[in-house]
Amino acid sequence: MSVGSVEEAGGGKEETVLTAAATAVRYYSVAPGVRLNVRSGPGTGYSIVRVLPEGARVPIYCQKPGTTVTGPYGTSNIWDNVSNGEYVSDAYVQTGSDGYVASRCA
C-alpha cells in the first residue's frame, strides 16, 4: 500500500490517502494427469503457445467467455487468463466453482 497526503485548498487541513496495491492473485490446480494447452486467446481456435506439465498450478488474473469446452470439471465457456495473452479452459482448472472466480478481462 502506498500512502500520500492531500492538502485541501484554503482549509490547510491535511488528509492521509491510502492507495491499495494489486490484489493478491490466487493459484489453482490443473486437473490431475493433464498436460494443458495454453492458448493465445479464449478458445480452441487460437494457437497453442505452450503446454503446462502435469501437476501445474496456474494464477487466474481475469476470465472471459470463449469456446465451450468439456473437461474433468464440467463443460464451460469460461477461459482463464494465466499470463499476458495466455488462456486455458476453466473446464480443466479446479476453481471450486462453475462460474467466474475472478474479474472479467477487459
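How do β8 and β9 pair, and over how many bridges? In this predicted model, the two strands run antiparallel to one another and are held in register by four bridges. Together β8 and β9 make a hairpin, with two residues sitting between the strands. One residue of the turn, G85, has a positive phi of about 75 degrees. On the β9 side, E86 is the bridge partner of S83.

S83 itself belongs to strand β8. Is it buried or partly exposed? With a relative accessible area of 27%, S83 counts as partly exposed, because buried would mean under 20%. Setting aside residues up to four places away in sequence, S83 touches R50 and Y61. S83 can also be placed relative to V38: the two are 45 residues apart along the chain, and their C-alpha atoms are 9.5 Å apart in space.

Strand β9, which covers residues 86-89, has both of its faces covered. In a regular strand, side chains alternate between the two faces of the sheet. In β9, E86 and V88 are on one side, Y87 and S89 are on the other, and all four are buried.

Stepping back, what is the protein built from? It has ten strands and zero helices, so reading from the N terminus gives β-β-β-β-β-β-β-β-β-β. Of the 106 residues, 32% are buried. Looking at contacts with a separation of 6 or more, 43% are between residues 24 or more positions apart.

Three of the strands make an open sheet, in the order β6-β3-β10 and with antiparallel pairing. β6 (57-59) and β10 are the edge strands here, each pairing on one side only. β3 and β10 are joined by two bridges, and V30 stands opposite V93 of β10.

V30 and V93 turn up again inside the protein. Both are on the list of residues with the most contacts inside the largest nonpolar core, along with L36, L52, V58 and V88. That core has 13 residues, and the elements giving two or more residues to it are β3 (27-30) and β4 (36-39). Which residues does V93 meet, leaving aside its neighbours within four places in sequence? The contacts of V93 are Y28, S29, L36, V58, I60, Y73, D80 and V88. Another core lies apart from the largest one; it has six residues, including C62, W79, A91 and C105.

Finally, there is the empty space. Rolling a probe the size of a water molecule over the atoms shows where such space is left. The largest pocket has a volume of about 150 Å³. Its lining is made by Y73, G74, T75, S76, D90, A91, V93, Q94, T95, G96, S97 and D98. Two elements, β8 (74-83) and β10 (93-94), each give two or more residues to this lining, and β8 gives the most, with three. By type, the lining divides into seven polar, three nonpolar and two charged residues. V93 thus links several parts of this picture: V93 is among the residues with the most contacts in the largest core, V93 stands opposite V30, and V93 helps line the largest pocket.

Technical notes: Residues numbered from 1 in each chain as written. Predicted model: local features only at pLDDT ≥ 70, side-chain atom pairs only at ≥ 80, totals over all residues. Heavy atoms only, no water. 1 Å grid on protein atoms, 1.4 Å probe; cavity = no way out; pocket = protein on both sides within 12 Å on 5 of 7 lines; lining within 4 Å. Points joined across faces, edges and corners; volume = space filled by probe spheres on them. Nonpolar A, V, L, I, M, F, W, Y, C, P; charged D, E, K, R; others polar. Core = buried A, V, L, I, M, F, W, Y, C linked by side-chain atoms within 4.5 Å. Buried < 20%, exposed > 50% of the residue type's maximum accessible area, 1.4 Å probe, protein only. Contact = heavy atoms within 4.5 Å. Pairing = 2+ DSSP bridges.
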